[in-house]
Amino acid sequence: MGKGQWLCAAVGCAAAVTCAVAAALVARRAAARWRWSRAVAVVREFEEGCATPSERLQRVVNSLAIEMFAGLASEDASKVRMLLTCVDALPDGSEEGIYYAIDLGGTSFRVMKVELGAGSMIINKKVEHQSIPENITKGTSEDLFNLIASALKNFIEREDGKIEGRGLGFTFSFPIKQVSISSGSLIRWTKEFSIEETVGKDVAQCLNEALLRNGLNLQVNALVNNAVGTLAMGHYHDEDTVAAVIIGAGTNASYIERNGAITKCRGPFTKSGPTVVNVEWGSFRPPQVPLTPYDICFNDKARNYYDQSFEKMISGVYLGEIARLVFQRMAQESDVFGSTTDCLSTPFVLSTPCLAAIREDDSPDFREVGRVLEEQLKISDVSLKTRRLVVRICDIVTRRAARLAAAGIVAVLQKIGRDGTLCGTTKVRRIRGDRKRSVVAIEGGLYQGYSVFREYLNEALVEILGDDIASTVCLRVMEEGSGIGAALLAASYSSTRQNSA
């Protein structure tokens with residue numbers, strides 16, 4: 001073969017190799033584009049499932065309000081329990097003295113000492129937090145209440161050690177059936193607790209017995225849940241407070257109801273006047289809002305989740321987990337997170353504070369997003385466009401939760417005739433008669449600490465109510481409201497105060 005022939009052959013081989021390489025690159029890029037499109041498709045499908053347009057929110061409002069009416073008519077007529085609290089007198093600012101409170105609502109509890117002065121003045125407060133080991137949440141009733149009583153005893157001893165004449169408020173944020181202001185039997189556990197032997201027992205009596213075992217001559221004066229405690233503190237500071245909402249690890253609401261509107265119970269509720277109702281709206285299932293596959297995954301009977309659909313779409317325990325499940329599906333459908341995605345299979349590895357940090361990252365390169373993915377999910381070197389997709393998922397989760405919470409608030413206002421629709425009998429919202437101010441007390445880290453969530457909620461409130469009615473509604477944050485509210489109710493219902501009244 002001559003030199004020219006060798007040259008031609010070499011050129012031909014080089015061209016063939018070049019074509020093969022180019023074809024491989026094209027194929028690789030096509031495959032990468034296809035995998036990316038699969039990740040984007042997962043996000044789009046999730047976004048469509050989480051959509052909450054104004055008309056859908058209004059239907060959620062109407063459905064929840066109807067459930068609330070039904071829950072006051074009969075014990076079994078609604079999944080919204082509408083529990084009667086036996087609180088018929090809220091703090092008015094005249095309470096004085098020193099009171100203790102215990103606030104149990106999740107995997108930690110708070111003990112506190114509150115000093116009250118006349119004129120709605122909290123002179124001093126001291127608060128201590130204590131976590132609850134996981135084995136205690138699934139152990140025995142005696143172990144749980146001994147832990148709480150021991151913590152209170154140590155707390156009192158570190159203070160002045162005095163308990164004589166001082167009442168105790170107990171915030172117990174699980175569904176209970178109350179027969180008096182200072183007693184109530186547990187209906188069921190929610191969140192992480194599963195101490196079955198406690199169900200049906202008087203939880204105030206369980207605590208009283210534990211206090212005696214620990215040498216404390218102190219008894220529960222007021223048993224409330226966190227929403228009722230927050231309402232009490234709101235009313236203590238502002239008599240226009242008509243409701244309270246918890247938006248934190250869990251979610252719930254309470255409000256002031258006319259006794260005449262309560263038909264499921266006779267006896268003490270036949271008298272005229274107000275009664276505070278614990279809505280227990282976490283178990284509400286809004287039929288207008290479709291459950292996505294990532295919500296349905298919570299129907300795990302091995303854990304104590306029950307149905308709690310509304311709570312699972314709103315509260316802080318679940319939002320990070322919803323996002324994790326979407327990330328996991330993206331990893332299954334594409335390679336956007338690389339090959340090291342084992343952590344995405346770990347339930348609840350992504351907390352809601354981490355979700356909030358991702359959503360609130362406004363740096364050009366989403367540096368915080370990268371940090372959270374690496375530290376919490378062990379996923380590193382994530383591309384900028386994937387980080388944008390991660391932020392979008394966290395935004396979708398946040399927006400749906402906040403807008404549904406706003407719909408819940410409007411439903412409570414509709415139930416008491418404060419939304420401009422005459423208790424839902426008219427479709428047009430407008431102020432009729434005197435312009436009434438409606439204060440809704442709010443407690444919970446999700447609302448207080450997550451600015452994007454708060455903005456979405458406030459935006460949806462105006463969207464549903466309209467500017468005119470929304471201007472009459474004031475959302476007021478109550479720091480430590482659930483615990484301090486229990487102390488305030490202990491003051492309102494203490495034997496000394498009642499005897500002197």
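Modeller: One convention first: Ala, Val, Leu, Ile, Met, Phe, Trp, Tyr, Cys and Pro count as nonpolar, Asp, Glu, Lys and Arg as charged, and the others, Gly among them, as polar. By that scheme the lining of the largest pocket holds 14 nonpolar, 24 polar and ten charged residues. The model is predicted, with local features needing pLDDT of at least 70 and side-chain atom pairs pLDDT 80 or more, while totals for chains, interfaces and linings use all residues. Residues are numbered from 1 along each chain as its sequence is written, and side-chain values use heavy atoms, without hydrogens and water.

Colleague: Happy with that. What makes something a pocket and something else a cavity?

Modeller: Both are sets of points on a 1 Å grid over the protein atoms alone: in a cavity a 1.4 Å probe fits but cannot get out, while a pocket is open, with protein on both sides within 12 Å along at least five of seven lines. The largest pocket has a volume of about 1,000 Å³, a volume being the space filled by probe spheres set on points joined across faces, edges and corners. It has 48 lining residues, and G105, G248, A249, G250 and G445 are the closest to its centre; a lining residue has an atom within 4 Å of a point.

Colleague: Which elements supply at least two residues of that lining?

Modeller: They are β2 (97-104), β3 (108-117), β10 (251-258), α9 (316-333), α10 (352-359) and α13 (445-449). Such elements are DSSP runs numbered from the N terminus, helices being H or I of at least four residues and strands E of at least two.

Colleague: How do you know that T352 of α10 is buried or exposed?

Modeller: Buried means under 20% relative accessible area, exposed over 50%, and partly exposed in between, with a 1.4 Å probe and protein chains only. T352 has 7% relative accessibility, so T352 is buried. Beyond four places in sequence, T352 is in contact (heavy atoms within 4.5 Å) with G316, L319, G320 and L446.

Colleague: And Q448, in α13: why does Q448 fall in the class it does?

Modeller: Its relative accessibility is 24%, so Q448 counts as partly exposed. Its contacts past four places in sequence include R454, V477 and E479; V477 is 29 residues along the sequence from Q448, with their C-alpha atoms 7.3 Å apart.

Colleague: What makes the pairing of Q448 with G444 a polar contact?

Modeller: A polar contact is a pair of N or O atoms within 3.5 Å, one able to donate a hydrogen and the other to accept it, and residues adjacent in sequence count only if both atoms are side-chain atoms. Here the backbone nitrogen of G444 is 2.8 Å from a polar side-chain atom of Q448.

Colleague: How do you know that the span of helix α4 (141-158) agrees with expectation?

Modeller: The expected span is 1.5 Å times one less than the number of residues. For the 18 residues of α4 this gives 26 Å, and the end C-alpha atoms are 26 Å apart, so the two agree. Its buried residues, among them L144, F145, I148 and L152, pack against β2, β3, β4 (121-131), α3 (134-137), β5 (168-172) and α5 (203-213).

Colleague: How many cavities of 30 Å³ or more are there?

Modeller: Two. The largest has about 40 Å³, and its lining has five nonpolar, four polar and no charged residues. The second largest has about 30 Å³, lined by eight nonpolar, one polar and no charged residues.
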